[in-house]
Amino acid sequence: MTELLLRGGAVHTFDDDRTVAEAVLFRDGHVATVGDTETVEAAATDPRIVDLDGRVVLPGFNDAHTHLLSVGIDRLETDLAGADDRAEALSMLRENATATEPGEWVLGYNFDETTWPDDDGHLTRTDLDAVSEEHPVAAMRVDGHAAAVNGPAVDRVDLDGVERDVKRDDSGEPTGVLVEDAAGRVKQATYPRGEKARRALAAATERAHELGVTSVQNMSGLTAPQEFGSPIHAAFFGAWRDDELGLRVTFYVHSGKAESLSDLEIASGFGDDWLRIGGLKTFSDGSLGARTGKISGTYVDDPDNDGTMVTTESELSELFRTAARADQQIATHALGDVAIDTVLDCYEAVLDDYRVPDPRLRIEHVELATDAAIDRMAELGIVASMQPNFLQWAGKDGIYETVIGSEARGGNNRFRSVRDAGVPLAFGSDTMPIGPLHGIHHAVNAPHDTQRLSVDEAIAAYTRDAAYAEFTEAEKGTLEPGKLADAVVLGADPFAEPESIADIDVDLTVVDGEIVHEDPG
């Protein structure tokens with residue numbers, strides 16, 4: 001029997017009554033007792049004891065939309081998120097190239113040209129040819145829907161059939177800018193497999209623990225990393241098999257595997273407390289940064305463009321019918337208002353095909369939902385899986401205003417509107433960047449009433465409501481007796497200091513009743 005006793009603090013259980021206790025006892029991977037310190041101490045046998053000294057304890061954070069291996073890949077390759085301009089990004093890639101064998105890929109991730117000086121713009125083939133012509137070089141934009149590659153990379157990647165997503169100059173030559181399916185081909189060609197995928201998973205798990213994340217809902221990307229099987233699931237399953245999976249993972253399978261899942265009648269929830277199948281992940285449109293989100297108007301800086309349906313309505317309908325056949329939950333990427341409406345039409349058409357009373361279908365992102373769409377989501381019981389960290393681009397001259405115009409102010413990421421309509425709301429990061437406190441801060445301190453949540457509401461969306469989104473609310477998401485022993489101890493009180501939540505340290509992370517991260521400070 002193993003026990004861990006946290007005492008002398010403010011234990012926010014996030015039960016229905018929002019009980020705040022002084023202590024909590026974990027025993028053999030579950031919450032044993034919660035209450036005043038004296039009572040909880042009396043229930044313990046031989047615990048490891050942590051004195052909280054008044055610190056706040058919350059249920060472990062559950063990232064409801066993430067790409068976990070990407071977090072680890074960023075650590076193994078070049079993370080361009082911190083580059084202040086084009087020159088710095090290219091310098092970082094050159095440093096990578098000097099440490100990489102000629103002919104091997106040089107990879108960068110998370111560049112965001114919208115944060116650079118106006119004349120810098122998107123990375124191009126010319127830029128990356130200057131990095132190296134001995135290596136194929138690829139840099140993925142932060143949203144994952146666009147990439148920049150050099151000449152050797154253009155030659156290396158099979159772009160047959162996706163020519164529409166290859167940007168060209170006036171003479172017809174590739175600029176090195178690839179979007180959607182073409183960018184997906186780069187991901188497919190460069191995705192880590194085997195032992196490298198396991199190393200990426202280990203690095204990602206360590207980072208998640210540092211941020212208080214104890215559960216993740218891992219979403220497949222637009223392009224499957226390989227035709228048969230999945231190196232992502234192989235990494236998860238290998239770690240699970242070897243008892244090395246340090247996070248609880250719900251895996252949403254690529255739409256290309258829809259028939260395989262349904263033929264095996266694998267419904268949502270197949271698995272255990274550590275690794276489960278969540279259901280099917282699909283895409284409807286692209287992203288605003290790539291100007292491929294499907295919107296009702298046109299893009300301010302590209303007036304002939306109203307976005308792209310990367311999966312047609314008829315294709316979505318067929319995928320949804322296949323998923324319904326096996327009672328699988330569906331998580332569909334849709335951010336533009338047209339895409340959201342299309343997904344709702346397709347969802348409504350298959351709801352009667354489910355044998356379960358509550359399939360809990362999901363829309364991922366929901367960035368530009370109209371009032372009518374939000375009301376319709378409430379009526380149909382659709383879960384809104386949203387990313388509060390996206391508000392980092394919602395300010396003046398941010399990506400929303402740049403591509404949609406001033407009417408985007410307050411009209412994007414309307415968490416308050418969604419919640420007030422009665423739509424179940426779960427929070428995730430989409431790894432832009434991973435970090436619940438970063439996202440909670442943005443939601444609590446949002447610039448517009450339509451976006452702003454209370455501290456309680458924002459934390460709930462990253463804990464108990466995220467568990468609801470994946471059908472695990474009976475097992476986790478709150479610190480109630482019998483629930484899984486996953487928790488986070490914060491260095492400051494977010495309820496007392498809402499304006500500085502992003503600056504709060506994660507002092508301890510507990511998974512399965514074991515301390516997996518302890519801030520040395």
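This tour proceeds through a predicted model in three stops: a strand near the N terminus, an open sheet with its helices, and a single phenylalanine.

**First stop: strand E1**

Select residues 3–12, which form strand E1. This strand is mostly covered, with eight of its 10 residues buried. Next, add its pairing partners one at a time.

- Residues 20–27 are strand E2, which runs antiparallel to E1 and is joined to it by seven bridges. To locate one position in this pairing, display Glu3, whose bridge partner in E2 is Arg27.
- Residues 48–51 are strand E4, which pairs with E1 in the parallel sense over four bridges. Here Leu4 has Arg48 of E4 as its bridge partner.
- Residues 56–59 are strand E5, which runs parallel to E1 and is connected to it by two bridges. Display Ala10 and Val56 of E5 to see a pair of bridge partners.

In general, strands of a sheet pair through backbone hydrogen bonds, in either a parallel or an antiparallel arrangement.

**Second stop: the six-stranded open sheet**

Now select the strands E7, E8, E9, E10, E12 and E11, listed here in their order across an open sheet of mixed pairing. At the edges are E7 (78–79) and E11 (166–168), each of which pairs on one side only.

Within this sheet, select residues 146–149 (E10) together with residues 174–179 (E12); these strands run antiparallel and are joined by three bridges. Ala148 stands opposite Val177 in E12.

Then add residues 86–98, helix H3, which packs on the sheet and touches E7, E8 (106–111) and E9 (137–141). The direction of H3 makes about 155° with that of E8.

Continue with residues 180–190, helix H6, which also packs on the sheet. The contacts of H6 are with E8, E9, E10, E11 and E12, and its direction makes about 90° with that of E12.

**Third stop: Phe320**

Finally, select residues 313–325, helix H10, and within that helix display Phe320. Is Phe320 buried or exposed? Its relative accessible area is 0%, and the cut-off for buried is under 20%, so Phe320 is classed as buried.

Which residues does Phe320 touch, not counting residues up to four places away in sequence? They are Thr282, Ile330, Thr332, Val343, Cys346, Tyr347 and Val350. For a distance check, select Ala349 as well: Phe320 and Ala349 are 29 residues apart in sequence, and their C-alpha atoms are 9.0 Å apart in space.

Methods. Residues numbered from 1 in each chain as written. Predicted model: local features only at pLDDT ≥ 70, side-chain atom pairs only at ≥ 80, totals over all residues. Heavy atoms only, no water. Pairing = 2+ DSSP bridges. Contact = heavy atoms within 4.5 Å. Axes fitted to C-alpha atoms, helices over the stretch in contact; angles between N-to-C directions. Buried < 20%, exposed > 50% of the residue type's maximum accessible area, 1.4 Å probe, protein only.
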